[in-house]
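Trainee: I am new to this structure and would love a close look at one part of it, the disulfide. Could you walk me through that link and then show me what surrounds it in the rest of the chain?

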Amino acid sequence: MKKLGILVALLVSGCATAQTPLQPADKFFERMSALCGKSFNGKLAAGDDSDASFANAQMQAHVRTCTDREIQISFDVGEDQSRTWIITRIDSGLRLKHRHMLKYGTEDPVSQYGGDTAQQGTATRQEFPVDAYSKAMFTQEGRTVSNANVWAFELEPQQTLTYELARPNRLFRVTFDVANPITGANE
């Protein structure tokens, strides 16, 4: 009988599956998903002379499309609604792409640029270094300065969502107030 008890214990322990702990990118994605269906006002938090048009513009982020693999965030600057950030789960972490549309609904030649996470990041910050596709496109379009871009998102739950573009001699940041979602916005 004692042998039977040991055998049952071994079988039960063999059937138990350990849950894999969530990686920082998974935690970050879950936190971003919690914003789905909401819109937020933003403000320029860091920039230079080339960002003058952002300084006084009304900026909004609309977290419109969310699935278990992808989050799409429309970024409006004044009347310009041409920008969308797309965060996708991939096997190695997360991918960020920027989609830019032209006035009449066609995609801008400078679109679908971004990169994949190269580091684990944290549950509140993920960085996306420029990928090879983006470097080739930037070079073709005469924007080689962008070949050193690193984009990031930071999310302090119930506080702020920050988008960042950084490269040598350049820092651009827009911070959105997630503590106060916009009511009545065109989500």
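**A close look at the disulfide**

Mentor: Happy to! The link of C36 and C66 is right-handed, with 115° about the S-S bond. Please keep in mind that this is a predicted model, and that the S to S distance in the disulfide joining C36 to C66 is 2.3 Å. A disulfide is a covalent bond between the sulfur atoms of two cysteines. This structure holds 1 disulfide.

Where do the two ends of the pair sit? C36 is in the loop between α2 and β1 (39-46), while C66 belongs to strand β2 (residues 59-66). The two cysteines are 30 residues apart, and the pair links distant parts of the chain.

Are these cysteines buried, partly exposed or exposed? C36 has a relative accessible area of 29%, so it is partly exposed. C66 also counts as partly exposed, because its relative accessibility is 25% and buried would mean under 20%.

Now look at the helix that comes before the loop of C36. Helix α2 covers residues 24-33, and its buried residues are P24, A25, F28, F29 and M32. Why can we say that they line one face of the helix? Seen down the axis of α2, these buried residues fall within an arc of 135°, so they share one face.

Let us step back to the whole chain. It has 4 helices and 10 strands, and in sequence order they follow the pattern α-α-β-α-β-β-β-β-β-β-α-β-β-β. Of its 187 residues, 39% count as buried. Links between distant parts of the sequence also show up in the contacts: among those between residues at least 6 apart in sequence, 42% join residues at least 24 apart.

One more place is worth a visit, the largest pocket. Rolling a probe the size of a water molecule over the atoms shows where empty space is left. The largest pocket holds about 570 Å³ of space. Its lining is made of 23 residues, and H100, Y113, R143, L165 and R170 lie nearest its centre. Strands β4 (80-90), β5 (93-100), β9 (160-167) and β10 (170-177) are the elements that give two or more residues to this lining. Sorted by class, the lining has 10 nonpolar, 6 polar and 7 charged residues.

To return to your starting point, find C36 in its loop and C66 in β2, then follow the disulfide that joins them.

How values were computed. Residues numbered from 1 in each chain as written. Predicted model: local features only at pLDDT ≥ 70, side-chain atom pairs only at ≥ 80, totals over all residues. Heavy atoms only, no water. 1 Å grid on protein atoms, 1.4 Å probe; cavity = no way out; pocket = protein on both sides within 12 Å on 5 of 7 lines; lining within 4 Å. Points joined across faces, edges and corners; volume = space filled by probe spheres on them. Nonpolar A, V, L, I, M, F, W, Y, C, P; charged D, E, K, R; others polar. Buried < 20%, exposed > 50% of the residue type's maximum accessible area, 1.4 Å probe, protein only. Arc of directions from axis to C-beta. Disulfide = S-S within 2.5 Å. Contact = heavy atoms within 4.5 Å.
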